[in-house]
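Here is a friendly walk through a structure, written for someone who likes to think in contacts and angles. Have the viewer open and follow along.

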Amino acid sequence: MLYFLAYEQINDLLNALRTLGYTCMGPQVQDGTIVFDELNHAAQLPWGVHDMQKPGYYRLQQSEKKEAFAWANGPQAIKPLLFKPKESLWRVQKNDDGKLIFKEIMPDHKPVALIGARSCDLAAMAIQDKTLLKDKFIDKQYQWHREHLFVIAVNCSYSGGNCFCVSTQTGPKATSGYDLALTEVDKGFVVDIGSDKGRNLITTLKCIPATETNSRQADTRTAQAASMQTKRMPKNNSRELRNILMNHLDHPRWHEVAERCLSCGNCTAVCPTCFCHHQTETPVAQGDGSVHAREWDSCFTQGHSYIHGQVVRDTTEKRYKQWLTHKLGTWWDQFDTSGCVGCGRCVTWCPVGIDLTEEMAAIAGESNVVTDKKKGPHDD
Amino acid sequence: MMIDTPVAMKIIAKNEESPDVFTLTLQFMEEKETGYDFQPGQFNMLYLFGVGEVPISILAHGEDNSLYAHTIRRVGRVTQGLSLLKIGDCVGLRGPFGRGWPLDKAQGKDVLIVTGGLGCAPSVSIIHHILKHRERYGRLIILQGVKHSDDLIFRKQYQEWAQLPNVQVALAADISQPNWPGHTGLITELLDQVHLDLSKTLCMMCGPEGMMRATAERLTQLQLPEDAIYLSLERNMECAIGHCGHCQFGGTFICKEGPVFNYPEVKFLLSQRGF
């Protein structure tokens, strides 16, 4: 059964979550982008804000129509909340007699409720779960964040210029991984319940059932988002890409893209499934202790492939090849899925506008442009 | 039992093997860690206080099964620091990690061990294992190659192994000093000098990738089946549990699915640069 949450009830929702002990994180405009930060009040939401996205381009635009989720995505969403940019793993103390005492460090803060996760972000979360949680080894800190997370997804009503989740079958409508999923309609949201936690919250808020009109409008909105997408991943992001990539390791396109790539690592930083991290050490000032942490790393850095005095990937060409063959290729071998969820962030935030769908198209020989597209209302 | 948060280890012996290679023998400082055990070919993460960790293969048990030797080349920040420690100092250890040598598959076969440079260290534990369970294996042929004859470590051990029945040791150096007892030239040339019964041989290799590629190619030319060749690979490793991404090698994480691989599993990528 679907419910209706009026715009006026957003603050009640935030209050209810806070009463349950959560810190609410939601989208808001900061520094010209939509970021996720502590959300204390509905007024902080990006009302009427659209995002214009092209390769290497992200701008916000204010419109008359006051919707809270009239945008596709910002540079980050769920990943930094679960797989933190930096997380302490253990602490070591040196005794007077020189003996080292090690102690694991677990997160110690209020659980987080995330409002506004997109379908692609949830697909990415499911992939990170495979890497860090549903593996022979478990990342305990990730596990803590994951188990304490309350997810309110918001289905997309608009797609950005770099979105291609339809071709990767990861959106624009969320199908799992949420406690509640909202779709924005006139004056509020249609609410779908994804878990008992979500159901309890909706009961607390005394939401009324959604009307037939509400539900129809919700469907139209998500269909609109899908129809707006002009990009696609060749071969619909299937396992086929794995062999195409591994059979074309000497394709001239690798050299060509490396001429443009700055090897800056922006793509890996905004990618919601990239998990590479290096281990860092921060000794305390007194000299008798140290904290061992993990911190995001990128396969585009020189240090990533450093091994006893040598660098395995000493050129940009090798690094770009490493990234794409893993993300779209051998990721299948390891996790039985592609590492791409079609969010388009790596395209938007690439300073030189390299578009992985275009690179893949060049190598796979299949177009990355949606051809049978029905024009959406916001296209021209 | 695997230790996931480091525990304290005491250095109880330190050996200088060559100007830049040393061996630290470690002992647990806590009683409760006695459940620790490892397979030949696995590795530990050794932690230097305030600096960080490095992956180091485990050499062998001590006589009383409580000592763990780690042979280390002084090359980066952590290994430089470890080389300055003294007997009685404390380091951290977590492990053991990875997949070791195929002990089961080697049973009943002649075992050919081909190592280059410091690659000899990860093979010491398998040599010890074979010598300890001599009846389970056929001939043991140990080939070790070095760039310069002065680089050879474990000299005494090679001499001792060479004296044992059913064991053959052959050494090669690209460049040699006078009185070098071994071959001067490539290690692959030794393959033609030692007598191998390739119908019942299993090969285990560890060393520079170029050397392992050349050896594998020569052995397959000599009609050793590709799946009778195992090799230990190495990449940057920081977490040792397949999470940090540095050792991702095609569809595997070397720290988790390796470091020991069957040759057909990695043959293709070994021939490509940058993976």
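## Salt bridges in chain A

A:Arg345 is buried, with a relative accessible area of 2%. Keep in mind as you read that this is a predicted model. Which residue does A:Arg345 form a salt bridge with? The partner is A:Asp121, and the closest N and O atoms of the two are 3.0 Å apart. A:Arg345 belongs to helix α12 (residues 345-348) of chain A and A:Asp121 to helix α3 (residues 119-132) of chain A, so this pair ties together parts that are 224 residues apart in sequence. A:Asp121 also counts as buried, at 4% relative accessibility.

A second pair joins a loop to a helix. The side chains of A:Asp186 and A:Arg221 meet in a salt bridge, at 3.7 Å from N to O. Because A:Asp186 lies in the loop between β10 and β11 of chain A while A:Arg221 lies in helix α7 of chain A, the pair ties together parts that are 35 residues apart in sequence. Here A:Asp186 is partly exposed, with a relative accessible area of 47%, whereas A:Arg221 is buried at 8%.

The third pair is A:Lys318 with A:Asp314, whose side chains meet in a salt bridge at 2.7 Å, N to O. A:Lys318 counts as buried at 18% relative accessibility, and A:Asp314 counts as partly exposed at 47%. Elsewhere, salt bridges that share partners join A:Arg232, A:Lys235, A:Glu240 and A:Glu366 into one network. Over all chains, the structure holds 29 salt bridges.

The three pairs are set out here for reference.

| Salt bridge | N to O distance |
|---|---|
| A:Arg345 and A:Asp121 | 3.0 Å |
| A:Asp186 and A:Arg221 | 3.7 Å |
| A:Lys318 and A:Asp314 | 2.7 Å |

## Sheets and helices in chain A

Helix α7, the home of A:Arg221, also has a place against a sheet. Helix α7 (residues 212-227) of chain A lies across β1, β10 (180-185) and β11 of chain A, and runs at about 90° to β10(A). Those strands belong to an open sheet of eight strands, with mixed pairing and the order β3-β2-β8-β9-β10-β11-β1-β12 (chain A). Its edge strands, each pairing on one side only, are β3 (33-38) and β12 (208-209) of chain A. Within this sheet, strand β1 (residues 3-6) of chain A pairs with strand β11 (residues 188-193) of chain A in the antiparallel sense, over four bridges. The bridge partner of A:Tyr3 in β11(A) is A:Val191.

Chain A has another open sheet, of four strands in the order β7-β6-β14-β13, with antiparallel pairing. The edges, pairing on one side only, are β7 (100-104) and β13 (277-283) of chain A. From one strand to the next, the twist averages 25°. Strand β6 (residues 86-94) of chain A pairs with β7(A) in the antiparallel sense over five bridges, and A:Arg91 has A:Lys103 as its bridge partner in β7(A). Across β6, β7 and β14 (289-296) of chain A lies helix α4 (residues 140-147) of chain A, running at about 130° to β6(A).

How do two helices meet? Helix α11 (residues 316-335) and helix α13 (residues 356-364), both of chain A, have axes that come within 12 Å and cross at roughly 90°. α11(A) and α13(A) are therefore roughly perpendicular to each other. From α11(A), A:Tyr320, A:Trp323, A:Leu324 and A:Leu328 meet A:Leu356, A:Glu359 and A:Met360 of α13(A). By class, this contact has six nonpolar, no polar and one charged residues.

## An enclosed strand and a loop in chain B

Strand β11 (residues 201-206) of chain B has six of its six residues buried, so the strand is largely enclosed by the rest of the structure. Both faces are covered: buried on one side are B:Thr201, B:Cys203 and B:Met205, and on the other B:Leu202, B:Met204 and B:Cys206. β11(B) pairs in the parallel sense with strand β7 (residues 110-116) of chain B, over six bridges. Four bridges also join β11(B) to strand β12 (residues 229-232) of chain B, again running parallel. B:Cys203 stands opposite B:Leu112 and has B:Ile229 as its bridge partner in β12(B).

Is B:Pro181 buried or exposed? B:Pro181 is exposed, with a relative accessible area of 65%, and lies in the loop between β9 (167-175) and β10 (183-184) of chain B. The C-alpha atoms of B:Pro181 and B:Lys86 are separated by 33 Å, with the two positions 95 residues apart along the chain.

Conventions
Residues numbered from 1 in each chain as written. Chains lettered and ligands numbered in written order. Predicted model: local features only at pLDDT ≥ 70, side-chain atom pairs only at ≥ 80, totals over all residues. Heavy atoms only, no water. Axes fitted to C-alpha atoms, helices over the stretch in contact; angles between N-to-C directions. Parallel < 35°, antiparallel > 145°, perpendicular 65-115°, else oblique. Contact = heavy atoms within 4.5 Å. Nonpolar A, V, L, I, M, F, W, Y, C, P; charged D, E, K, R; others polar. Pairing = 2+ DSSP bridges. Salt bridge = Lys/Arg side-chain N within 4 Å of Asp/Glu carboxyl O. Buried < 20%, exposed > 50% of the residue type's maximum accessible area, 1.4 Å probe, protein only.
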